[in-house]
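Here are my comments on the salt bridges and on one further residue, set out as numbered points. Please read them with the coordinates open.

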Amino acid sequence: MRARGLLIVTAIISAILGAVVAYLVLTVPNDIQAAALMRRAREQVAAGKNDQARIALARIVQQYPRTDAAASATLALIRLDDDDNAKMQHDLATIRESLSMTVARLAAAENEINTIKSTPPPAPAPAPQPPPKPTPKKTTRPKKRPRHR
């Protein structure tokens, strides 16, 4: 009986060890591959290639969902989205400010145009007088000498 109990305990322990080994054989390569992809994605983020990094992070989450790298990739995707959203908000605020300045300039120009329209045109300038003609110089003619006859 004792042998039978020992045999059952040995079988249970062997089954548990076999399951652990199978689990490690199946999951460790996934963890290594996911970690390698995660390193590459972090390098892409650091290099400013956010679109490529986003693709790599999404692939990690899809292909290796039960790894630590998948959790990190999910957080990295959330951070990328937050950064993009903040940048978009900043750009939108800049565009709105530029638009308001343009509207103000247009309103000022419209006021100036309306002011110009409402003022009567200035009286036409008098035609310039032709320069006075120089008075002819009186030339003194030498007196005619009487002719002697």
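**Salt bridges and a buried glutamine**

1. D91 is partly exposed, its relative accessible area being 33%. The model discussed here is a predicted one, and the remarks that follow should be read with that in mind.

2. The partner of D91 is K87, and the side chains of these two residues meet in a salt bridge with an N to O distance of 3.9 Å, which satisfies the criterion because the cut-off lies at 4 Å. K87 and D91 are four residues apart in helix α3, so that about one helical turn separates them. K87 is exposed, with a relative accessible area of 55%, whereas D91, at 33%, counts as partly exposed.

3. Salt bridges with shared partners join D51, R54, D81 and D84 into one network. By the rule applied, the count of salt bridges comes to four. As general background, side chains of opposite charge can pair when their charged atoms come close.

4. Within helix α2, which spans residues 50-63, D51 and R54 are three residues apart and hence separated by about one helical turn. Their side chains meet in a salt bridge, for which the N to O distance is 3.8 Å. D51 counts as exposed, since its relative accessibility of 58% lies over the 50% limit, while R54, at 22% relative accessibility, counts as partly exposed.

5. Which residue besides D51 should be inspected as a salt-bridge partner of R54? D81 forms a salt bridge with R54, and the closest N and O atoms of the pair are 3.5 Å apart. This pair links distant parts of the chain, given that D81 belongs to helix α3 (residues 68-118) and R54 to helix α2, with their positions 27 residues apart in numbering. D81 itself counts as partly exposed, at 43% relative accessibility.

6. Is Q44, which is placed in helix α1 (residues 2-46), buried or exposed? Q44 is buried, because its relative accessible area of 17% falls under the 20% limit that applies to this class. When its neighbours within four places in sequence are left aside, Q44 is in contact with K49, N50, Q52, A53 and A56.

7. To restate the values that a reader may wish to check first in the coordinates, the N to O distances are 3.8 Å for D51 and R54, 3.5 Å for D81 and R54, and 3.9 Å for K87 and D91.

Terms used: Residues are numbered from 1 along each chain as its sequence is written. This is a predicted model: local features need pLDDT of at least 70, side-chain atom pairs count only at pLDDT 80 or more; totals for chains, interfaces and linings use all residues. Side-chain values use heavy atoms; hydrogens and water are left out. Helices (H or I, at least four residues) and strands (E, at least two) are DSSP runs, numbered from the N terminus. Buried means under 20% relative accessible area, exposed over 50%, partly exposed in between (1.4 Å probe, protein chains only). Contact means heavy atoms within 4.5 Å.
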